[in-house]
Amino acid sequence: MLNRVAAILAEAGVPNPRRDAELMLEAVTGAGLSGVYLREELEPGEEARLERALASRLRGEPLAYAVGEACFRGLRLAVGPGVFIPRPETEVTVEVALEGLLPGGLVAEVGTGSGAIAFSLALEGGATVWATEISPSALHWAERNLASLGLEGRVFLLLGDLFSPLPEGLRGRLDLVVSNPPYVAWEERHLLPREVLFEPEEALFGGAGGLAVLERIVREAPGWLRPGGRLVLECDPRQTETLLRLLAEAGFEGARVVKDLAERERVVEAVLPETGRDPDALLPSG
């Protein structure tokens, strides 16, 4: 079966067909790779799931959609059409967010998607996380993952645009605001691999130059952070210089840039000053 699936994928021109076939079998059997090779046959239900996954992959859909899950920092997250697939570079965003985050810390993640960042911070950092998401389809997947991880009461999922769904009682109290927002420039849409375009546009594209959502987060975050609170943003490496300028204009200090595993500038972190600033004064008028 493994050989058959790999051969079909190879004939269709799918990159890394053998690895895709292995991952499909891991997903449908619930076994690790060694378990796949130790199995002699599939159960009828497993074979049916494998055929559905293969058909999905042959349509050009991302492998994570085909198998219905994505791995992120040891978590197996349910994903599918309508939600952004978490990437390895976002694990670096979580690493930066975890630095200095104390157990019980108050965190907001805006644009949570599948919930990958929020759940990681709750599990690894002991944080209480309010995670917002504008897309009902994406929030559906986050809710599935919340239930499977048993994090109710530690992660709160809210439907709405960026900071707008957050309880007013959190204003000026958050230790951390973190986001992996849409930051691909719309004009570069044609450069993306075909399978990426199966993912929701609102999770990929940040307008002209890719900065529209990043700019909004930088403007609005000071009103929610406590003095000394941190803002952690994932971005395109070409956006870091502009982002550093925007952070300075918004009153942040101590900004730094962190590279991902491919040595590309990927994460920007900055701190709201401890004293001498009124967070409400930094909110945009109106």
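Trainee: Why is Glu95 called partly exposed?

Mentor: In this predicted model, Glu95 has a relative accessibility of 40%. Buried needs a value under 20% and exposed one over 50%, so Glu95 at 40% falls in between and counts as partly exposed.

Trainee: What makes Arg73 and Glu95 a salt bridge?

Mentor: The two side chains meet at 2.9 Å, N to O. The cut-off is within 4 Å for a side-chain nitrogen of Lys or Arg and a carboxyl oxygen of Asp or Glu, so the Arg73 and Glu95 pair at 2.9 Å qualifies.

Trainee: Why is that pair said to tie together separate parts?

Mentor: Arg73 lies in the loop between strands E1 (69–72) and E2 (75–78), while Glu95 sits in helix H6 (residues 89–98), so the pair joins parts that are 22 residues apart in sequence.

Trainee: Good, let's try another one. How do you know that Glu201 and Arg189 form a salt bridge?

Mentor: Their closest N and O atoms are 3.4 Å apart. That is within the 4 Å limit, so the pair counts. Glu201 belongs to helix H9 (residues 201–204) and Arg189 to the loop between strand E6 (174–179) and H9, so this bridge ties together parts 12 residues apart in sequence.

Trainee: Are Glu201 and Arg189 buried, exposed or partly exposed, and what makes them so?

Mentor: Glu201 has 38% relative accessibility and Arg189 has 30%. Neither value is under 20% or over 50%, so Glu201 and Arg189 are both partly exposed.

Trainee: And which class do Arg171 and Glu168 belong to?

Mentor: Arg171, at 27%, counts as partly exposed. Glu168 has 55%, which is over 50%, so Glu168 is exposed. These two form a salt bridge as well, with the closest N and O atoms 3.1 Å apart.

Trainee: How many salt bridges does the whole structure hold?

Mentor: The search finds 25. There is also a network of salt bridges linking Glu99, Arg230, Arg256 and Glu269.

Trainee: Now the cysteines. Why is Cys235 called buried, and what is Cys71?

Mentor: Cys235 has a relative accessible area of 0%, which is under 20%, so Cys235 is buried. Cys71 has 52%, which is over 50%, so Cys71 is exposed.

Trainee: How many disulfides are there?

Mentor: The count comes to zero. A disulfide would need a pair of cysteine sulfur atoms within 2.5 Å.

Trainee: Last one: what makes strand E7 mostly covered?

Mentor: In E7 (residues 225–234), eight of the 10 residues are buried. E7 runs parallel to E6, joined by five bridges, and pairs in the antiparallel sense with strand E9 (residues 265–271) over five bridges.

Terms used: Residues numbered from 1 in each chain as written. Predicted model: local features only at pLDDT ≥ 70, side-chain atom pairs only at ≥ 80, totals over all residues. Heavy atoms only, no water. Buried < 20%, exposed > 50% of the residue type's maximum accessible area, 1.4 Å probe, protein only. Helix = DSSP H or I, 4+ residues; strand = E, 2+ residues; numbered from the N terminus. Pairing = 2+ DSSP bridges.
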